[in-house]
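This report describes the domain arrangement and selected local features of one protein chain. The sequence and the structure are shown first.

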Amino acid sequence: MARRAAEHRAQGRHTVDLTLGEPDFTPPGHVIAAAQEAAGRVLGYSPANGLPALRRAVRNAVKRDRGLEYADTQVAVGCGAKQVIFNAFFATLLPGDEVIVPAPYWASYPAMIRLCGGLPVVADCPAASSFRLTPQALRAAITERTRWVVLNAPGNPSGATYSHDELAALAEVLRRNPTVMVLSGEIYAHIRYDDREYVGLAQVAPDLRERILLVDGVSKAYAMTGWRIGWGLGPSDLVRAITAVQTQNCTQTAAVSHLATVAALEGPHGILVERQATYRCRRDAALAILRQSPHLDTMVPDGAFYLFPRLATGDDLAVADALLEAGCATVPGSAFGAPGHPRLSFATDITTLKWGCRTVVDVLDEVAS
Ligand SMILES: Cc1ncc(COP(=O)(O)O)c(C=O)c1O
């Protein structure tokens, strides 16, 4: 849809792009300064699991932000969270192994699982269950072939997070299924709008830590998508396997980015709070417009920068086409395993966002009339 939006623009048609899955900010100034300084140093090949300073910064950050302690041998680094996830699936999945993926999902999860020979098993988590995996749905999806379950919170595209009790209930099911690993995708943990402290499964169920790979990175929180640094924290044997895959597919992620990430994690964090406030303003402005439409039911996202309203009627693919024709590019929910929803990103300026949301409301009126 982003490509089609760009084509429309190239033809001179007014088109706003609400498809973006990345912040519209630059990285913090001290990160850019650190990268400039690093670029002047001799930086050769560095360890596949990251420079020691990077691993240390990651461990300190997860201790500061989540109260979790990890050893140096429990940190894997890749070209973004994406490569860490891919490496983990590549290192562990045998043909036909199943991975439970709650829907709506980030489209790359099932694609990566398939590329690694596994079978994505989609567990529907509709708007009625606030887009969260329930213990019943988890239990029903587990089979003898289940190798992993993916938990992603705040979720892309739903923005949903789990409470402590909801995670505790999922942990109970996992305790009864000791061979199932958990991939906890926490890349949006710094972009949240509730005042609760962030909790992930590793905090709620420390006894399951040996089965959890906590995945995070600098892409979303620090607006560093192009810098390609993500990490996985988990049991040492899994981290060793992930690092072995990393070594043979691209050696390491760029060392300049390692040092920029150290600066991001260790530097001042005020800018994250400011940006969170900006996202919140945008979210609320977009919600105020979308809620005027009788054809949409929009849940308030707890985190991330997407709105994922439910269409009262209509096919999300046709609606996405109609919206694009009217000048607003969105992503149809079918891409996330949840037809019947458009996804609107609010990682864009407020004028563009408001114009796009008004277009959505108008187009749905027209479609319904
Ligand atoms: C849930 C989720 N995980 C990971 C990523 C990718 O992160 P990275 O840029 O660190 O590879 C995305 C990007 O859209 C995402 O939505």
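A salt bridge is taken here as a side-chain nitrogen of Lys or Arg within 4 Å of a carboxyl oxygen of Asp or Glu. By that criterion R132 and D302 form a salt bridge, with 3.4 Å between the closest N and O atoms. The coordinates belong to a predicted model.

**Domains and their interface**

According to the domain assignment of the protein, domain 1 comprises 2–27 + 270–368, and domain 2 comprises 29–266. A distance of 26 Å separates the C-alpha centres of domain 1 and domain 2. The contact between them involves 28 residues of domain 1 and 36 residues of domain 2. About 2,600 Å² of area is buried between domain 1 and domain 2, and carbon and sulfur atoms contribute 61% of that area.

How many salt bridges are counted between domain 1 and domain 2? The count is one. Polar contacts across the interface of domain 1 and domain 2 amount to 14 residue pairs, with both residues at pLDDT 80 or more. On the side of domain 1 that touches domain 2, helix α11 (residues 270–290) supplies the largest share, namely six residues. The residues on that side of domain 1 comprise 15 nonpolar, six polar and seven charged.

**The surroundings of D194**

D194 is located in the loop between β6 (181–185) and α8 (201–204). Which residues does D194 contact, leaving aside its neighbours within four places in sequence? They are T161 and D302. D194 and D302 are separated by 108 residues in sequence, yet their C-alpha atoms lie 6.0 Å apart in space. D302 is also the partner of R132 in the salt bridge described above. The side chain of D194 further makes polar contacts with the side chains of R192, at 3.0 Å, and R196, at 3.2 Å.

**Salt bridges and side-chain polar contacts**

Side chains of opposite charge can pair when their charged atoms come close. The count of salt bridges comes to 20. One of these joins D321 and R4, whose closest N and O atoms are 3.1 Å apart. This pair links distant parts of the chain, since D321 belongs to helix α12 (residues 316–325) and R4 to helix α1 (residues 2–10), with the two positions 317 residues apart. The table collects the pairs for which a distance has been named.

| Pair | Interaction | Distance |
|---|---|---|
| R132 and D302 | salt bridge | 3.4 Å |
| D321 and R4 | salt bridge | 3.1 Å |
| D194 and R192 | polar contact of side chains | 3.0 Å |
| D194 and R196 | polar contact of side chains | 3.2 Å |

**An open sheet of three strands**

Strands of a sheet pair through backbone hydrogen bonds, either parallel or antiparallel. An open sheet is formed by three strands in the order β10-β14-β13, with antiparallel pairing. β10 (306–307) and β13 (331–332) are the edge strands; each has a single partner strand, so one side of each lacks a neighbour in the sheet. Two bridges support the antiparallel pairing of β10 with strand β14 (residues 342–345). L307 stands opposite L344 in β14.

**Backbone geometry in loops**

Most residues other than glycine have a negative phi, and most peptide bonds are trans. Where do the cis peptide bonds described here occur? One joins A103 and P104, with omega about 10°; P104 is in the loop between β3 (98–103) and α5 (108–115). Another cis peptide bond joins N156 and P157, with omega about 15°, and P157 is in the loop between β5 (146–152) and α7 (164–175).

F131, a residue other than glycine, has a positive phi, near 60°. F131 is in the loop between β4 (119–124) and α6 (135–141).

Key: Residues are numbered from 1 along each chain as its sequence is written. This is a predicted model: local features need pLDDT of at least 70, side-chain atom pairs count only at pLDDT 80 or more; totals for chains, interfaces and linings use all residues. Side-chain values use heavy atoms; hydrogens and water are left out. Domain bounds come from an automatic or database domain assignment. Contact means heavy atoms within 4.5 Å. Buried area is the accessible area (1.4 Å probe) that two parts lose on being put together, summed over both. A polar contact is a pair of N or O atoms within 3.5 Å; within protein, one must be able to donate a hydrogen and the other to accept it, and residues adjacent in sequence count only if both atoms are side-chain atoms. Helices (H or I, at least four residues) and strands (E, at least two) are DSSP runs, numbered from the N terminus. Ala, Val, Leu, Ile, Met, Phe, Trp, Tyr, Cys and Pro count as nonpolar, Asp, Glu, Lys and Arg as charged, and the others, Gly among them, as polar. Two strands pair if DSSP finds at least two bridges between them.
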